[in-house]
Amino acid sequence: MDWGRAKNVLIYAFLLLNLVLGYQLWIDYREQAGSSLDFTSLSESTQQIMEKNGIQVQSPIPSETPQLPKINYIYSAEMQKEPVELEEPVDTKLIYADEKELRSVLQGTIPNLGNYRHDQPSDQEHVFVFRPLVLKEWPLFNVELEFIHESQKIYAYREPVFEILPTDGAEEQKVLPASKALETLIERNFIPRDTAVRDIQLGYYGQLFNTEDQLAAPTWRFTLDNGEMIYVQGISGDVLTPKSDTAKE
């Protein structure tokens with residue numbers, strides 16, 4: 001055996017591996033560039049309350065503050081249909097490493113899956129939950145597409161009946177920072193003692209009325225480790241909880 005040649009092959013193989021790993025680290029960095037676990041974005045008083053009350057923030061705090069409009073959409077609980085069974089059940093796992101993997105499993109089940117995003121914090125024991133996207137980017141938290149599974153088989157789905165109305169001409173306003181919304185929740189004791197914030201997302205949310213015409217505004221959603229979700233309206237700063245579904249100033 002030519003040991004010198006074998007040694008060169010090994011060196012080149014390790015160099016190639018380092019390049020691949022370096023590229024993956026760069027991709028991961030870019031994906032996380034808009035978020036940070038650096039709590040210096042929170043005020044000193046908020047950090048003191050966190051320490052005193054045993055509150056943890058286990059999610060990156062997004063830094064984006066886009067200009068977004070409020071939206072009108074048509075939706076009513078009475079309009080929703082029963083689940084539709086798939087012609088052929090799809091093999092599934094209980095937990096997926098990322099949305100791309102789950103999407104590959106669901107490919108072809110419904111024609112417009114690209115208009116939705118998986119909302120993992122909203123998943124239930126036998127249901128994968130997807131949210132429709134407003135402006136092709138922001139999830140509408142009031143509406144959900146459900147994929148129903150049991151015994152590691154997805155056997156049915158429930159597609160929502162709704163319509164997001166055009167936003168042409170709607171006034172766009174800058175969304176308040178996630179750090180400010182989080183400070184509001186911590187300093188006003190909306191987050192209980194010894195609780196962790198597991199997920200922070202920007203999307204659309206609004207109180208549901210007994211009518212088909214609904215209104216939603218850009219809203220920060222905070223998911224706690226007990227499953228509770230608290231919403232902070234991104235323009236007014238009002239706090240909304242699904243339990244009361246009323247604004248608290």
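Colleague: Let's start with Gln214. Which backbone nitrogen does the side chain of Gln214 reach?

Modeller: Keep in mind that this is a predicted model. Gln214 sits in strand 15, which covers residues 213-224. Beyond its close sequence neighbours (within four places), Gln214 is in contact with residues including Gln207, Leu208 and Phe209. The side chain gets to within polar-contact range, at 3.0 Å, of the backbone nitrogen of Phe209.

Colleague: And is Gln214 buried or exposed?

Modeller: Anything under 20% relative accessible area counts as buried. Gln214 has 2% relative accessibility, so Gln214 is buried.

Colleague: Okay, on to helix 2. Which residues of helix 2 are buried?

Modeller: Helix 2 runs over residues 44-53. Strand 2 (56-57) and helix 4 (178-187) are among the elements that cover its buried residues. Those buried residues are Thr46, Met50 and Asn53.

Colleague: Why do they end up on the same side of helix 2?

Modeller: An α-helix has 3.6 residues a turn, so residues three or four places apart point the same way. The buried ones are Thr46, Met50 and Asn53. They share a side of helix 2 because the arc they cover around the axis is only 85°.

Colleague: What's exposed on the other side of helix 2?

Modeller: Exposed means over 50% relative accessible area. On that other side of helix 2, the residues that are exposed are Glu44, Glu51 and Lys52.

Colleague: Which residue just after helix 2 takes a positive phi?

Modeller: Helix 2 covers residues 44-53. Just after helix 2 comes a phi of about 70°, and the residue with it is Gly54.

Colleague: Now Val129. What is its C-alpha separation from Phe147?

Modeller: Val129 belongs to strand 8, residues 127-134. At 0% relative accessibility, Val129 counts as buried. Along the chain, Val129 and Phe147 are 18 residues apart, yet the separation of their C-alpha atoms is 6.6 Å.

Colleague: Any empty space inside? How much lies in the largest cavity?

Modeller: Rolling a probe the size of a water molecule over the atoms shows where empty space is left. Here there is one cavity of 30 Å³ or more. The space in the largest cavity comes to about 30 Å³.

Colleague: How many residues of its lining are charged?

Modeller: The lining of the largest cavity includes Arg117, His118 and Asp119, and Val129 is in contact with those three residues too. Arg131, Pro139, Phe141 and Gln201 also line the largest cavity. Sorted by type, the lining has two nonpolar and two polar residues, and the number of charged ones is three.

Notes
Residues numbered from 1 in each chain as written. Predicted model: local features only at pLDDT ≥ 70, side-chain atom pairs only at ≥ 80, totals over all residues. Heavy atoms only, no water. Helix = DSSP H or I, 4+ residues; strand = E, 2+ residues; numbered from the N terminus. Buried < 20%, exposed > 50% of the residue type's maximum accessible area, 1.4 Å probe, protein only. Contact = heavy atoms within 4.5 Å. 1 Å grid on protein atoms, 1.4 Å probe; cavity = no way out; pocket = protein on both sides within 12 Å on 5 of 7 lines; lining within 4 Å. Points joined across faces, edges and corners; volume = space filled by probe spheres on them. Nonpolar A, V, L, I, M, F, W, Y, C, P; charged D, E, K, R; others polar. Polar contact = N/O pair within 3.5 Å; in protein donor to acceptor, adjacent residues only side chain to side chain. Arc of directions from axis to C-beta.
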